[in-house]
Number of protein chains: 2
Amino acid sequence: MKNLVKVERARLDMTQAELAKELGVSRQTIHAIEKDKFNPSVTLALKMGRLFNLPVEELFIIDED
Amino acid sequence: MKNLVKVERARLDMTQAELAKELGVSRQTIHAIEKDKFNPSVTLALKMGRLFNLPVEELFIIDED
DNA sequence: TAAAAATGTAAAGTTTTATTTACTTTTATA
DNA sequence: TATAAAAGTAAATAAAACTTTACATTTTTA
């Protein structure tokens with residue numbers, strides 16, 4: 001799984017800490033997601049999609065099957 | 001959070017066990033998701049969306065903010 | 001209507017997400 | 001080029017997803 005969180009965060013000119021606060025998670029969670037350390041919940045993915053104005057399918061891309 | 005998994009599963013005429021196998025999870029996981037017992041990973045949500053031919057945003061709906 | 005299949009429920013255990021704290025390194029700015 | 005802000009890393013902990021097993025209840029079908 002890869003994702004566009006870092007890029008979209010840059011588009012909004014937000015720091016990891018700002019994004020974390022906005023989404024109600026810790027900065028480490030944002031960092032870990034950006035570094036593909038884990039697989040967030042669908043709720044968090046939906047919130048991110050809403051904030052970035054991007055469908056979950058475009059924000060998070062499964063490598064293959 | 002609510003979701004349309006039970007409805008979409010019915011549309012495909014699949015049992016919980018069949019869906020679980022198709023998605024590579026246990027039947028209890030499907031059951032728990034259908035009963036809103038938990039918040040699946042974005043990966044599982046994406047796989048479900050692909051199978052049901054439905055965007056994650058339509059399959060999983062956050063109650064409010 | 002009896003048997004089988006599907007679903008509901010529950011509990012114990014494992015794995016992974018997420019938090020907290022703390023410190024280092026990199027990048028931006030005064 | 002110092003200083004501050006942001007990002008990277010790491011470890012210990014908490015919380016939640018997910019598995020496994022097992023059995024009860026409901027629904028389907030022979």
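A colleague asks a modeller how the terms used for this structure are justified.

Colleague: What kind of model is this, and which residues count?

Modeller: This is a predicted model, in which local features need pLDDT of at least 70 and side-chain atom pairs count only at pLDDT 80 or more, while totals for chains, interfaces and linings use all residues. Residues are numbered from 1 along each chain as its sequence is written, chains are lettered from A and ligands numbered from 1 in the order in which they are written, and side-chain values use heavy atoms, with hydrogens and water left out.

Colleague: What makes a residue part of the surface near DNA strand D, and which are the closest?

Modeller: A residue is near a strand if one of its heavy atoms lies within 4 Å of it. For DNA strand D, 18 residues surround the strand, and the closest are Arg9(A), Gln16(A), Gln28(A), Ser26(B) and Thr29(B). Of the DNA strand D atoms that come within 4 Å of the protein, 62% are sugar and phosphate.

Colleague: What makes the pairs with phosphate oxygens of DNA strand D polar contacts?

Modeller: A polar contact is a pair of N or O atoms within 3.5 Å; within protein, one must be able to donate a hydrogen and the other to accept it, and residues adjacent in sequence count only if both atoms are side-chain atoms. A backbone N or O atom of Gln16(A) is 2.8 Å from a phosphate oxygen of DNA strand D. For a polar backbone atom of Ser26(B) the distance to a phosphate oxygen of that strand is 2.7 Å, and for a polar side-chain atom of Thr29(B) it is 2.4 Å. Two or more residues each come to this surface from helix 1 (5-11) and helix 3 (27-34) of chain A and from helix 3 (27-34) of chain B. Helices (H or I, at least four residues) and strands (E, at least two) are DSSP runs, numbered from the N terminus.

Colleague: How do the residues near DNA strand D divide by type?

Modeller: They divide into 3 nonpolar, 10 polar and 5 charged. Here Ala, Val, Leu, Ile, Met, Phe, Trp, Tyr, Cys and Pro count as nonpolar, Asp, Glu, Lys and Arg as charged, and the others, Gly among them, as polar.

Colleague: Which residues are closest to DNA strand C, and which of its atoms face the protein?

Modeller: DNA strand C is surrounded by 19 residues, the closest being Thr29(A), Phe38(A), Arg9(B), Arg27(B) and Gln28(B). Sugar or phosphate holds 58% of the DNA strand C atoms within 4 Å of the protein, and the rest belong to bases. A side-chain N or O atom of Gln28(B) lies 2.7 Å from a base oxygen of DNA strand C. Phosphate oxygens of DNA strand C are 2.8 Å from a polar backbone atom of Ser26(A) and 3.4 Å from a polar side-chain atom of His31(B).

Colleague: Why are chains A and B said to be related as by a two-fold rotation axis?

Modeller: A turn of 180 degrees and a shift of 0.0 Å along the axis lay chain B on chain A with an RMSD of 0.0 Å, so the two copies are related as by a two-fold rotation axis. Copies are superposed by least squares on the C-alpha atoms of residues with pLDDT of at least 70 in both.

Colleague: Why is Gln16(B) called buried?

Modeller: Buried means under 20% relative accessible area, exposed over 50%, partly exposed in between (1.4 Å probe, protein chains only). Gln16(B) has 16% relative accessibility, so Gln16(B) counts as buried. Gln16(B) sits in helix 2 (residues 16-23) of chain B, and its side chain makes a polar contact of 3.4 Å with that of Arg27(B).

Colleague: Is Ser26(B) buried, exposed or in between, and where does Ser26(B) sit?

Modeller: Its relative accessible area is 38%, so Ser26(B) is partly exposed. Ser26(B) belongs to the loop between helix 2 and helix 3 of chain B. The side chains of Ser26(B) and Thr29(B) are joined by a polar contact of 3.1 Å.

Colleague: Why does Glu34(A) count as buried, and what does Glu34(A) touch?

Modeller: At 14% relative accessibility, Glu34(A) falls in the buried class. Glu34(A) is in helix 3 of chain A. Apart from neighbours within four places in sequence, Glu34(A) is in contact (heavy atoms within 4.5 Å) with Asn3(A), Val5(A), Lys6(A), Arg9(A) and Gln16(A).
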